[in-house]
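Here is a short round of questions on a predicted model. Look at the chain before reading on.

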Amino acid sequence: MHSPSSPPVIRNEFLFLLALAGIQFTHILDFMIMMPLGPQLTRVLQIDTHQFGLLLSSYTFTAAISSLLAATYIDRFDRRKLMLALYALFIIATLCCGLAPNYPSLLIARALAGAFGGILGALVQTMVADVVPFERRGKALGMVMAAFSISTVAGVPLGLLLATYLPALGWRAPFFFIVLLATVFWLISYRLLPSLTTHLGAKRIGNIFQQIYVVAKEPAHLSAFAFISLLMMAGFTVIPFIPLYLTTNVGMPESFITVIYLCGGAATFFTSQLIGRMADKHGKLKVFRRVALASFIPLLITTHLVPVAWWLVLINSTLFFILVPGRMVPGMAMVSAVPAPHVRGTFMSLVSSVQMLSSGLAALLAGWLITRTPAGQIAHYDTVGYIAVGCGALTLWVAQYLRVASAQPAAPEKPAA
């Protein structure tokens with residue numbers, strides 16, 4: 001019988017987290033790879049910043065919609081079976097990106113990849129929360145979210161190198177690389193992921209849409225949705241346009257973008273896990289506040305940079321990689337503790353939907369605000385930076401209203417009529 005306070009026992013927690021980190025790595029890499037490819041895509045496909053923003057947003061908007069739809073079924077299946085099926089569909093969609101002959105077809109393929117990638121993110125976090133107790137969840141999420149760092153320290157530079165040194169494939173090469181890598185991780189996950197079905201034993205009242213509505217309108221859940229939305233806006237207004245800004249306004253060569261991602265990813269591989277351990281030891285809210293406040297400095301510097309020495313750019317970008325994504329480790333640990341266990345999958349799907357929708361809106365908003373000067377430089381990036389810091393400041397206020405489910409009376413499904 002399902003017990004909300006007792007997570008399922010697995011034989012090897014490290015291997016379990018390793019498999020999930022592999023899935024997280026590939027679907028994050030699939031999203032991340034578009035950003036450093038910005039200069040190439042705008043040149044080869046002859047698109048402007050608004051079209052590039054739409055290319056990024058198509059992924060996040062379909063991810064938001066699919067995550068919302070996933071809320072209708074994610075808590076009704078064995079987590080393992082659902083994960084493997086969705087991951088296979090994600091691989092096929094990414095293959096379509098690599099085979100896309102032009103901008104419209106790439107736009108459609110990115111939308112399909114987002115549709116499956118968005119659900120994967122929610123499912124990874126749900127499985128971690130199902131298995132790892134809250135007391136150790138910061139460290140566990142730090143390990144899984146280190147996949148972001150690995151994707152930048154190895155995947156993104158390698159993808160860029162493939163795009164540069166395989167001229168026959170060009171920008172398509174990184175997508176083929178992701179397909180091959182994801183296929184390997186799918187086989188590993190098939191062997192390592194355990195069956196997770198304890199959530200299936202919970203009694204549910206009303207039809208599926210009533211259940212989703214009850215989960216969505218829970219006041220504690222609304223605070224979490226507001227928090228994650230602001231957190232996405234505080235990063236993804238700035239992040240997608242960093243490579244474009246550095247190459248056009250700061251005068252960095254495209255090859256230097258690889259160095260930036262390499263150094264930033266190498267640093268965050270260690271710091272994301274350190275931040276996770278600190279969050280478990282000193283309190284997730286306290287650590288979140290400190291990291292979030294510190295992140296405002298590289299955010300503002302990045303959006304106001306003028307031509308300076310390369311090493312100054314590298315120091316700032318590395319701090320950016322450490323602090324801006326670093327906020328997500330204690331942030332997601334707090335968010336994952338908000339729902340009751342038997343509705344966690346539904347809740348995390350809604351969180352993923354809000355997360356992707358907000359990051360898509362952020363990229364779209366930045367794409368609208370940013371313009372090109374007659375000289376080809378980026379204008380109004382400083383305005384985008386102020387918006388990012390404003391949203392970040394609001395997360396500090398909303399974070400205090402997040403509540404741990406175990407400290408509350410039981411199920412949020414109670415009021416069904």
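Q: Is Asp280 buried, partly exposed or exposed?
A: The relative accessible area of Asp280 is 24%. Buried means under 20%, and exposed means over 50%. Asp280 falls between these cut-offs, so its class is partly exposed.

Q: With which residue does the side chain of Asp280 meet in a salt bridge?
A: The N to O distance in this salt bridge is 3.0 Å. The partner has 8% relative accessibility and counts as buried, whereas Asp280 is partly exposed. The partner of Asp280 is Lys284.

Q: How many salt bridges does the structure hold?
A: One of them joins Asp280 and Lys284. Asp30 and Arg110 also meet in a salt bridge, at 3.2 Å from N to O. The count for the structure is two.

Q: How many residues apart are Asp30 and Arg110?
A: Asp30 sits in helix H1, residues 13–32. Arg110 sits in helix H5, residues 103–131. The pair links distant parts of the chain, and the separation is 80 residues.

Q: Are Asp30 and Arg110 buried or exposed?
A: The cut-off for buried is under 20% relative accessible area. Asp30 has 0% relative accessibility. Arg110 has 1%. Both values lie under the cut-off, so Asp30 and Arg110 count as buried.

Q: Which contact of Thr94 is also a salt-bridge residue that meets Arg110?
A: Thr94 lies in helix H4, residues 79–99. Thr94 is buried, at 1% relative accessible area. Leaving aside neighbours within four places in sequence, its contacts include Ala113, Phe175, Ile178 and Val179. Arg110 meets another residue on that contact list in a salt bridge, namely Asp30.

Q: Which helix supplies the largest share of the lining of the second largest cavity?
A: This cavity has a volume of about 90 Å³. Of its 13 lining residues, the closest to its centre are Ile242, Leu246, Ile260, Ser317 and Phe321. Helices H10 (242–248), H11 (254–282) and H13 (310–323) each supply at least two lining residues. The largest share is five residues, and it comes from H13.

Q: How many charged residues are in the lining of the second largest cavity?
A: The lining includes 10 nonpolar residues. Three others are polar. The number of charged residues is zero: there are no charged residues in this lining.

Q: Is Gln46 buried, partly exposed or exposed?
A: Gln46 is in the loop between helix H2 (38–44) and helix H3 (49–70). Its phi is near 55 degrees, a positive value in a residue other than glycine. Its relative accessibility is 71%, and the cut-off for exposed is over 50%, so Gln46 counts as exposed.

Q: What is the phi of His380?
A: His380 is in the loop between strand S2 (378–379) and helix H16 (381–398). At 43% relative accessibility, His380 counts as partly exposed. His380 is not a glycine, although its phi is positive, at about 75 degrees.

Q: What percentage of the residues of the chain count as buried?
A: The chain has 16 helices and two strands. Its accessible surface comes to about 16,600 Å², of which 71% belongs to carbon and sulfur atoms. Of the 417 residues, the share that count as buried is 59%.

Technical notes:
Residues numbered from 1 in each chain as written. Predicted model: local features only at pLDDT ≥ 70, side-chain atom pairs only at ≥ 80, totals over all residues. Heavy atoms only, no water. 1 Å grid on protein atoms, 1.4 Å probe; cavity = no way out; pocket = protein on both sides within 12 Å on 5 of 7 lines; lining within 4 Å. Points joined across faces, edges and corners; volume = space filled by probe spheres on them. Helix = DSSP H or I, 4+ residues; strand = E, 2+ residues; numbered from the N terminus. Nonpolar A, V, L, I, M, F, W, Y, C, P; charged D, E, K, R; others polar. Buried < 20%, exposed > 50% of the residue type's maximum accessible area, 1.4 Å probe, protein only. Areas by Shrake-Rupley, 256 points an atom, 1.4 Å probe, with all protein chains shown as cover. Salt bridge = Lys/Arg side-chain N within 4 Å of Asp/Glu carboxyl O. Contact = heavy atoms within 4.5 Å.
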